[in-house]
Amino acid sequence: MKNHLYHRVSALLVALCIIFCGVAAAETQATADLEALYPLMDLVCAAGYDPTAGTALMVPDNEGVLEINFVDAFIRLGQVRGALGITGETMADPAAQTALLQSIFAAQLPKTELVVAADVGTQYVGFKPVTVNNTGDEGSLQIVGEMYMAPKPLVQLTENEFTDVLWIDRAIFTFKSDATAMNGFRLMGFSTGLELSVEEEMQAYSESIVVEYVNTKLGFMVLYPAVFTDDLLVEDANGVSAALPDNSVSFFARRTENAAGNALADHVAAASAQLTGAVVDVNEELSYGTISYTADGYAVFDVYVVTKDYVYQTQLRYLTSLMSEYSMYNGYLLNSFGVDELAAG
């Protein structure tokens with residue numbers, strides 16, 4: 001059974017044309033408007049992220065106050081990245097920091113201070129925009145997408161480096177048109193998927209990019225990319241599969257007999273044995289195994305759940321040139337792949 005929750009209504013650039021520039025405005029202008037916000041959104045994610053806890057600080061609206069540790073990290077990381085015009089002089093000048101922050105955030109500011117240089121690590125924390133929503137408030141918009149950690153910004157990653165991308169959480173930015181703000185838009189708030197205050201928006205976002213497939217007969221469910229429309233889905237005795245017409249992206253989820261009687265680790269080891277450069281992860285506690293690899297110009301991500309009688313497998317396969325667009329769905333596949341046998345046990 002295919003449970004189509006909610007599909008994306010508009011493409012990202014079309015939405016930006018409407019929100020930023022008016023219906024008749026050029027697509028190139030909309031692209032430029034969005035790209036101007038990239039460094040800021042990346043920096044907000046990085047400054048607020050706590051890798052130990054795996055969470056990020058929320059940025060409040062004009063009724064809240066930015067936390068001083070966020071401000072310090074924002075200035076420090078901005079200087080290291082060379083973003084938003086932040087320099088060593090900015091770090092040493094609280095007045096310059098205040099002026100900069102006032103041009104970006106709607107939130108109230110703490111008393112700024114001398115920011116001391118410190119090790120910011122080698123990992124890059126950033127944001128991948130996926131959808132844009134018109135909030136109904138004139139001049140206001142929400143940009144929703146995925147926070148990530150990687151060796152470099154997504155656009156700079158090589159094929160091999162994509163295996164090191166960690167998709168952290170869903171996130172949402174709210175901006176409002178303001179001629180006095182940097183790039184003409186003031187940041188009204190930032191939240192991650194863990195915040196109850198944006199639960200409805202996050203649910204709508206998830207439902208716009210993935211679709212739930214449930215097979216009660218075979219006893220499993222999974223979320224797959226919404227790019228696979230109804231007419232592309234093929235169901236058979238083992239499960240479901242789909243591929244785009246140009247075969248650039250494909251997907252399947254199935255249940256087969258565990259003819260060899262292998263345990264999870266043994267099955268995953270056998271499945272990866274002949275794959276060059278495969279990255280394997282077996283989590284016995286959560287009863288899953290994954291294999292990531294590239295072959296013949298495609299990136300492949302497999303998830304396995306193995307029981308005494310059956311092998312459950314779901315796979316997403318896409319051209320390596322599409323890694324920046326589709327690798328985020330690996331996490332959705334893994335986190336949603338549910339097997340009734342394990343739930344019942």
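Let's start at strand β12, which covers residues 249-257 and includes Glu257. Keep in mind as you look around that this is a predicted model. Is Glu257 buried or exposed? Glu257 has a relative accessible area of 57%, and because anything over 50% counts as exposed, Glu257 gets that label. Glu257 also has company: together with Asp309, Asp340 and Glu341, Glu257 forms a negative surface patch.

Now step back along the chain to the loop between β11 (239-243) and β12, where you'll find Asn247. Take a look at its backbone: phi of Asn247 is near 60°, a positive value in a residue that isn't glycine. Asn247 is partly exposed, with a relative accessible area of 35%.

Another asparagine to check out is Asn183, in the loop that links β6 (166-177) to β7 (185-192). Here, too, phi is positive in a residue other than glycine, with a value near 60°. Asn183 has a relative accessible area of 47%, so it counts as partly exposed.

Next up is a helix, α3, made of the 14 residues 68-81. How far should those 14 residues span? At 1.5 Å a residue, the answer is 20 Å, and the C-alpha atoms at the two ends of α3 are indeed 20 Å apart, so the expectation and the model agree. Plenty of α3 is tucked away from the surface: the buried residues are Phe70, Val71, Asp72, Ala73, Phe74, Ile75, Arg76, Leu77 and Gly78. Right after α3 comes Gly82, and its phi is positive, near 70°.

Technical notes:
Residues are numbered from 1 along each chain as its sequence is written. This is a predicted model: local features need pLDDT of at least 70, side-chain atom pairs count only at pLDDT 80 or more; totals for chains, interfaces and linings use all residues. Side-chain values use heavy atoms; hydrogens and water are left out. Patches are made of residues with over 30% relative accessible area and no salt bridge: like charges are joined within 9 Å, nonpolar side chains (Val, Leu, Ile, Met, Phe, Trp, Tyr) within 5 Å. Accessible areas come from the Shrake-Rupley method with a 1.4 Å probe; for residues, only the protein chains shown count as cover. A salt bridge is a side-chain nitrogen of Lys or Arg within 4 Å of a carboxyl oxygen of Asp or Glu. Lys and Arg count as positive and Asp and Glu as negative; His and the chain ends are not counted. The place of a charge is taken as NZ of Lys, CZ of Arg, CG of Asp or CD of Glu. Helices (H or I, at least four residues) and strands (E, at least two) are DSSP runs, numbered from the N terminus. Buried means under 20% relative accessible area, exposed over 50%, partly exposed in between (1.4 Å probe, protein chains only). The expected span of a helix is 1.5 Å times one less than its number of residues.
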